[in-house]
Amino acid sequence: MRVVKLIGKAIKDSAQVLKEGGIVCFPTDTIYGLLALASDREAVERLYSFRRPSGRPFLLLIPDAGWLDLLGLRYGWVHKELVRSFNITFIFYKKNRVPFYLTQGRKSLAVRIPPLDTHVAELLYHLGEPVVAPSANPEGQKPATTIKEAQSYFGNLVDLYVDGGKKEGKPSTIVRALGAYGLRLIREGNVPFGEVLKLRNKILQRKDMFLLAREVIRLLQ
């Protein structure tokens, strides 16, 4: 177990630990999270063993919206724009090719893109692939707001702790994507659900205006 400050080589060191199959406690775009490479089945299953014995699927932090296709998720084009616009968690129904250890047999998977100006986004850039990222707390307990709290929870079970100071942000808002552009609120957190709906409606209005303009041009030809 190592503890490092979020300065200097901390991000590169974190990426190296993750690539070697380790688990890292890291400040995400919302609160402290426990990270493991989503492609590393052994690391993910080790994280399940002490972080979420119930087996509920973990959230995935993804580098960009292209991973919606790479992960085999079902989404509408409106959903893709919303994923790019908000650092909130979206739950998408999956296609069959998503590995079982990531979904735990469920029919959906939760993903989020961190804002580009965050340290965790920089970490994802170095990795070039998603990480699983549950909050840094045992199941049913409050999320750690400091590295000391995280250490008191997990001790040597975590390979690297990255100290980014006190993190008291709200957990992310969670919405489920339905159909072509539907949304269902699961949990309101860092972003008001009303803001998400407002942008969704604006996107749909832009589409309606585009289709109307295209039809007018067709009629004038």
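Helix α1 (residues 10-19) and helix α6 (residues 119-127) pass each other with their axes within 9 Å, crossing at roughly 50°. That angle makes α1 oblique to α6. The crossing is right-handed. The model described here is predicted.

**The α1-α6 contact**

From α1, the contact takes in Ile11, Lys12, Ser14, Ala15, Leu18 and Lys19. From α6, His119, Glu122, Leu123, His126 and Leu127 take part. By class, the contact of α1 with α6 has five nonpolar, three polar and three charged residues.

Lys12 deserves a closer look. Its place is in helix α1. Lys12 is exposed, because its relative accessible area is 55% and exposed means over 50%. The residue is also part of the contact with α6. Lys12 and His126 are 114 residues apart along the chain, yet their C-alpha atoms are separated by 7.3 Å.

**The sheet**

Ten strands form an open sheet, and the pairing is mixed. The order is β1-β8-β2-β3-β7-β4-β6-β5-β9-β10. The edge strands are β1 (2-5) and β10 (182-187), and each pairs on one side only.

Four of the pairings are set out below, each with one pair of residues that stand opposite each other.

| Strands | Sense and bridges | Opposite residues |
|---|---|---|
| β1 (2-5) and β8 (residues 160-163) | parallel, four bridges | Arg2 and Leu160 |
| β5 (residues 89-93) and β9 (residues 174-178) | parallel, three bridges | Thr89 and Ile174 |
| β5 (residues 89-93) and β6 (residues 108-112) | antiparallel, four bridges | Tyr93 and Ser108 |
| β4 (60-61) and β6 (residues 108-112) | parallel, two bridges | Leu61 and Arg112 |

Strand β5 thus appears with two partners. It pairs with β9 in the parallel sense and with β6 in the antiparallel sense. Strand β6 in turn runs parallel to β4.

**Burial in β5 and β6**

Four of the five residues of β5 are buried, so the strand is largely enclosed by the rest of the structure. For β6 the count is five of five, so this strand is largely enclosed as well. Both faces of β6 are covered. Ser108, Ala110 and Arg112 are buried on one side, and Leu109 and Val111 are buried on the other. Two of these residues also mark strand pairings: Ser108 stands opposite Tyr93, and Arg112 stands opposite Leu61.

**Helices across the sheet**

Helix α2 (residues 41-51) lies across β3 and β7. It runs at about 145° to β3. Its buried residues are Ala43, Val44, Leu47, Tyr48, Phe50 and Arg51. What covers them includes the strands β3 (32-37) and β7 (131-132). The helices α5 (100-103) and α7 (147-154) also belong to that cover.

In an α-helix, residues three or four places apart point the same way, because there are 3.6 residues a turn. In α2, Ala43, Leu47 and Phe50 are among the buried residues. So are Val44, Tyr48 and Arg51.

Helix α6 lies across β2 (24-27), β3, β4 (60-61) and β7. It runs at about 130° to β2. Besides lying across these strands, α6 makes the contact with α1 through residues that include Leu123 and Leu127.

Notes. Residues are numbered from 1 along each chain as its sequence is written. This is a predicted model: local features need pLDDT of at least 70, side-chain atom pairs count only at pLDDT 80 or more; totals for chains, interfaces and linings use all residues. Side-chain values use heavy atoms; hydrogens and water are left out. Axes are lines fitted to C-alpha atoms, for helices over the stretch in contact, and angles run from 0 to 180 degrees between N-to-C directions. Angles under 35 degrees count as roughly parallel, over 145 as roughly antiparallel, 65 to 115 as roughly perpendicular and the rest as oblique. A crossing is left-handed if the near helix is turned anticlockwise from the far one by less than a right angle, and right-handed if clockwise. Contact means heavy atoms within 4.5 Å. Ala, Val, Leu, Ile, Met, Phe, Trp, Tyr, Cys and Pro count as nonpolar, Asp, Glu, Lys and Arg as charged, and the others, Gly among them, as polar. Buried means under 20% relative accessible area, exposed over 50%, partly exposed in between (1.4 Å probe, protein chains only). Two strands pair if DSSP finds at least two bridges between them.
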